[in-house]
Structures are given as structure tokens and as C-alpha cells.
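Me: Could you walk me through this model and tell me what stands behind the terms you use?

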Amino acid sequence: MSNSPCAICNASKAPNTCRSCDSSICKSCLEFVSDETFEFADYTEANSPIGSYCSSCYTTEIVPALETYNEILERAKEVTVFSADQGKETRLIKRSDLKFQIDECEDKDVLTMRLAYMAAKAGYNTLVDVDLVYSKVRDGSFKLSNWRGTATAANMTGRGPVTNPNRRSPSR
Ligand SMILES: [Zn+2]
Ligand SMILES: [Zn+2]
């Protein structure tokens with residue numbers, strides 16, 4: 001705990017430190033980036049922005065990053081996803097050389113969205129050969145559920161209803 005006053009508002013109690021500029025900050029000038037802020041982004045542990053920021057650094061660093069993130073996320077939501085067993089539907093889609101792999105994810109839907117985010121970020125609108133594998137992992141005495149997945153990026157032009165995977169649904 002530091003004894004310096006808050007760098008933003010000068011309040012005497014400033015127990016937090018901005019992870020970007022190292023200033024002491026009080027509770028009300030603190031902005032927090034949690035693991036949910038950029039939930040689907042492909043940050044690694046090394047470049048992850050998770051932490052506390054002073055409101056000044058938050059405005060100059062995190063707000064623009066969030067704008068970029070949200071723009072990519074909007075496109076990621078539009079990415080068409082074909083699983084590996086949809087070879088019939090995807091045989092005419094030209095694969096790119098870009099393959100994605102994620103080894104750890106707790107949730108299948110989150111994993112799919114993270115793969116779609118990678119595709120959207122790289123400028124693609126389609127994922128083919130999406131292979132999601134579930135496994136139970138032992139971590140000491142804990143049993144954890146884990147999903148890992150691979151996918152190949154592709155670009156489809158003129159996406160029509162014929163190739164829309166959401167239409168092949170009837171569960172009757
Ligand atoms: Zn303050
Ligand atoms: Zn700061």
C-alpha cells in the first residue's frame with residue numbers, strides 16, 4: 001500500500017496502483033479491466049490488459065482498445081461456422097492457409113466465439129473444419145472440464161441460404 005495521494009483527484013487514501021503508469025489511485029478513480037472485459041479476444045497471458053487503471057490511462061489505452069475489440073466482435077458474430085463433419089457443405093469453400101488453435105477453454109460456445117474472433121480479426125467471414133474436443137483434465141486433486149478446438153479460416157462470398165448451417169436443423 002502506498003502513502004501517496006490519488007494522482008487523479010488528490011484524495012489522501014489511494015491504496016491502488018495503476019498498472020500502466022504506476023500512479024497511486026483512490027477507489028473512485030479506479031477503473032478495472034476484468035477477464036470478462038475482453039472475453040473473446042486473443043490476448044495471451046503476457047499481453048493481457050487485465051488489471052487496475054487510473055481513469056486517465058483507462059481513457060487513453062483501454063477505451064480505444066475496447067472500441068477495436070467491439071468492432072471485431074461484431075464481425076465475429078457474423079462469421080459462419082462449419083464443423084469438421086460438414087465436409088459436404090464445405091467442399092466448395094476454398095480454405096485459407098490460416099489455421100487457429102485454442103487449447104484451453106471452459107465453455108464450448110465461448111471457444112467457438114474466440115475462434116470466430118480470430119477469424120474476424122484476420123479479415124475472414126467463415127470458419128471451416130471446426131473441430132471442438134471435450135476432455136476432462138486433472139489438475140492435482142481438481143477435475144476440470146476443458147474444450148480445445150481447431151479451425152481453418154475461409155472467405156465465402158455471396159453467402160446464401162443453401163450454405164447457411166443454421167438452416168440444417170430439424171431434430172425430428
Ligand atoms: Zn481519486
Ligand atoms: Zn495510469
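Me: How do you know how many helices and strands the chain has?

Reply: Helices and strands are DSSP runs, numbered from the N terminus: H or I over at least four residues for a helix, E over at least two for a strand. By that rule the chain has three helices and eight strands, and from the N terminus on they run β-β-β-β-α-β-α-β-α-β-β. Please bear in mind that this is a predicted model, where local features need pLDDT of at least 70, side-chain atom pairs count only at pLDDT 80 or more, and totals for chains, interfaces and linings use all residues. Residues are numbered from 1 along each chain as its sequence is written, while chains are lettered from A and ligands numbered from 1 in the order in which they are written.

Me: What makes Asp-131 partly exposed?

Reply: A residue is buried if 20 or more other C-beta atoms (placed from the backbone) lie within 10 Å of its own, exposed if 12 or fewer, and partly exposed in between. Asp-131 has 13 such neighbours, so it counts as partly exposed. This residue lies in strand 7 (residues 126-139).

Me: Which residues is Asp-131 in contact with, leaving aside its neighbours within four places in sequence?

Reply: Contact asks for C-beta atoms, placed from the backbone, within 7 Å. On that basis Asp-131 is in contact with Ala-84, Gly-149 and Thr-150.

Me: Why is helix 3 called largely enclosed?

Reply: Because 10 of its 14 residues are buried, helix 3 is largely enclosed by the rest of the structure. Among the buried ones are Leu-111, Met-113, Arg-114 and Tyr-117. Their cover includes helix 1 (55-77), strand 5 (80-83), strand 6 (95-105), strand 7 and strand 8 (142-154).

Me: How do you know that the span of helix 3 agrees with the expected one?

Reply: The expected span is 1.5 Å times one less than the number of residues. For the 14 residues of helix 3 (residues 108-121) that should give 20 Å, and the end C-alpha atoms are 20 Å apart, so the two agree. Helix 3 is followed by Gly-123, with a positive phi near 90°.

Me: How do you know where the domains of the chain lie?

Reply: The bounds come from an automatic or database domain assignment, which divides the chain into domain 1 (16-75) and domain 2 (78-164). Their C-alpha centres lie 27 Å apart, and the contact takes six residues from domain 1 and seven residues from domain 2.

Methods: Contact = placed C-beta atoms within 7 Å.
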